[in-house]
Amino acid sequence: MGKPEVSAPILLLGSQGQLGWQLQRDLAPLGPVLALDRRTCDLADLDRLRTVVREQRPRLIVNAAAYTAVDQAEKEPELARRINAEAVGLLAEEAKALDALLVHYSTDYVFDGSKAAPYVESDATAPLGVYGRTKREGEEAMLAVGGRGLIFRTSWVFGARGKNFVKTILRLASERGSLKVVADQVGSPTPAAMIATVTGMVLAQLDGGRAQQGCELYHLAAANPVSWNGFARAIVATAEQTPGFALKLGPAAIAPIPSSEYPLPAPRPLNSRLDCRKLEDRFGLTMPDWQPYLSRMMQLLALKAQNGY
């Protein structure tokens with residue numbers, strides 16, 4: 001198929017998700033961005049996906065789309081596998097044919113959480129559920145193709161756009177006088193805005209991706225891991241300090257419970273901590289704390305509520 005033209009666009013998939021929305025801003029300095037959402041390019045439609053890549057001939061593909069409904073994936077393993085694994089393998093093949101760079105995002109759920117220390121990139125994977133297995137299959141498919149790529153494993157993503165844990169806790173805190181949240185699962189809440197910023201910084205150092213050779217896997221997560229219970233308490237505490245939220249409970253009313261008291265269709269890893277030193281050392285970065293991003297998110301949500309949008 002030959003190499004893409006110099007003026008070829010950056011193809012961003014999943015542009016309306018919480019990460020894709022942020023990436024539109026951070027990819028813009030690198031060149032023209034063709035941002036496609038599920039309505040214009042659904043990763044479940046492999047033929048459409050292949051056609052889009054061949055028609056656009058991008059020099060850089062950033063895949064922010066994924067099947068992320070962890071529990072629903074247990075009921076829809078074929079769909080989860082098509083989006084999280086088969087589509088990624090297809091993108092890797094098409095990118096290689098164009099000598100384009102493929103940027104893809106994976107998850108802490110590729111691990112079983114049994115390790116005592118934070119996970120490094122070379123640790124053995126052992127997903128506990130369909131979501132984690134299909135995300136790992138996507139990684140493997142991309143690595144097997146052997147083209148140019150970057151895989152960023154991240155964890156507990158949150159942002160002002162889309163559905164996430166922060167918004168769920170805010171809703172429950174406005175409806176109930178007490179909550180129970182698991183305290184034995186530990187990981188790093190990672191802002192979508194931070195992931196997008198780091199992606200842009202890495203690509204800028206790599207001359208817009210042109211300097212990347214081979215496929216590299218990096219862990220990308222915020223500093224200062226916390227339990228889900230600790231995160232929930234921080235969410236409520238931050239909301240209390242932000243004008244515009246009507247809450248029925250405070251942080252102390254969020255009781256810690258073990259995972260065994262909150263069974264879900266898909267088991268979660270108890271340890272989701274990711275060691276990001278490989279990424280930090282390679283690109284001279286320091287992963288920031290998630291709390292300032294949480295404060296900013298609260299301000300944005302309060303502003304949206306105030307203005308009715």
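Biologist: Over how many bridges do E3 and E4 pair, and in which sense?

Modeller: In this predicted model, the bridge partner of Leu60 in E4 is Leu101, which gives one place where the pairing can be inspected. Taken over the two strands, E3 and E4 are joined in the parallel sense, and the count is four bridges.

Biologist: Which helix stands between E3 and E4 in their β-α-β unit?

Modeller: The unit formed with E3 and E4 is right-handed. Its helical part spans residues 77–98, and this is helix H3.

Biologist: How many residues of E4 are buried?

Modeller: Buried here requires a relative accessible area under 20%. On one side of E4 (101–107), Leu101, Val103, Tyr105 and Thr107 are buried, and on the other side Leu102, His104 and Ser106 are buried as well, so that both faces are covered. The strand is therefore described as mostly covered, the number of its buried residues being seven of seven.

Biologist: Which residue of E5 is the bridge partner of Tyr105?

Modeller: E4 and E5 pair in the parallel sense over seven bridges, and together with H4 they make a right-handed β-α-β unit. Within this pairing, the partner of Tyr105 in E5 is Phe152.

Biologist: And which residue of E10 is the bridge partner of Phe152?

Modeller: Strand E5 (residues 148–154) also pairs with E10, in the parallel sense and over five bridges. In E10, Phe152 has as its bridge partner Tyr218.

Biologist: Which strands stand at the edges of the sheet, and why is one side of each left without a neighbour?

Modeller: The sheet is open, has six strands with parallel pairing, and follows the order E2-E1-E3-E4-E5-E10. Neighbouring strands in it are turned against each other by 15° on average, direction ignored. A strand at the edge has a single partner strand, so one of its sides lacks a neighbour in the sheet, and this applies to E2 (33–36) and E10 (215–219).

Biologist: Through which helix does the chain cross from E1 to E2?

Modeller: E1 and E2 run parallel and are joined by four bridges, with Ile10 standing opposite Val33 in E2. The β-α-β crossover that leads from E1 to E2 is right-handed, and the chain passes through H1.

Biologist: Which residue of E3 stands opposite Leu13?

Modeller: E1 is covered on both faces, with Ile10 and Leu12 buried on one side and Leu11 and Leu13 buried on the other. E1 is also joined to E3, which runs parallel to it, by four bridges. Opposite Leu13, in E3, stands Asn63.

Biologist: At about what angle to E1 does H1 run?

Modeller: H1 lies across E1, E2, E3 and E4, while helix H2 (residues 46–56) lies across E1, E2 and E3 and runs at about 160° to E1. For H1, the angle to E1 is about 165°.

Biologist: Why is H1 called largely enclosed, and how many of its residues are buried?

Modeller: The buried residues of H1 are Gln18, Leu19, Gly20, Gln22, Leu23, Asp26 and Leu27. They pack against E1, E2, E3, E4, strand E6 (157–158) and H6. The helix is largely enclosed by the rest of the structure because the buried residues number seven of 10.

Biologist: How far apart are the axes of H1 and H6 where the two helices pack?

Modeller: Two packed helices are described by the angle between their axes and by the distance between the axes. H1 (residues 18–27) and H6 (residues 192–205) pack at an angle of about 40°, and H1 passes H6 in a right-handed crossing. The residues of this contact divide into eight nonpolar, five polar and two charged. The distance between the axes is 8 Å.

Biologist: Is Asn164 buried or exposed, and what is its relative accessible area?

Modeller: Asn164 is placed in the loop between E6 and helix H5 (165–175). Leaving aside neighbours within four places in sequence, Asn164 is in contact with Gln18, Val157, Phe158, Gly159 and Met297. Asn164 and Gln18 are 146 residues apart in sequence, yet 8.9 Å apart in space, C-alpha to C-alpha. Asn164 is buried, because its relative accessible area falls under the 20% limit, at 8%.

Biologist: What is the relative accessible area of Thr134?

Modeller: Thr134 lies in helix H4 (residues 130–145). Its contacts, leaving aside neighbours within four places in sequence, are Pro77, Ala80, Arg81, Asn84 and Ala85. Thr134 is buried, with a relative accessible area of 0%.

Notes:
Residues are numbered from 1 along each chain as its sequence is written. This is a predicted model: local features need pLDDT of at least 70, side-chain atom pairs count only at pLDDT 80 or more; totals for chains, interfaces and linings use all residues. Side-chain values use heavy atoms; hydrogens and water are left out. Axes are lines fitted to C-alpha atoms, for helices over the stretch in contact, and angles run from 0 to 180 degrees between N-to-C directions. A crossing is left-handed if the near helix is turned anticlockwise from the far one by less than a right angle, and right-handed if clockwise. Ala, Val, Leu, Ile, Met, Phe, Trp, Tyr, Cys and Pro count as nonpolar, Asp, Glu, Lys and Arg as charged, and the others, Gly among them, as polar. Two strands pair if DSSP finds at least two bridges between them. Contact means heavy atoms within 4.5 Å. Buried means under 20% relative accessible area, exposed over 50%, partly exposed in between (1.4 Å probe, protein chains only). A crossover is right-handed if, with the strands pointing away from the viewer, the path from the first strand over the helix to the second runs clockwise.
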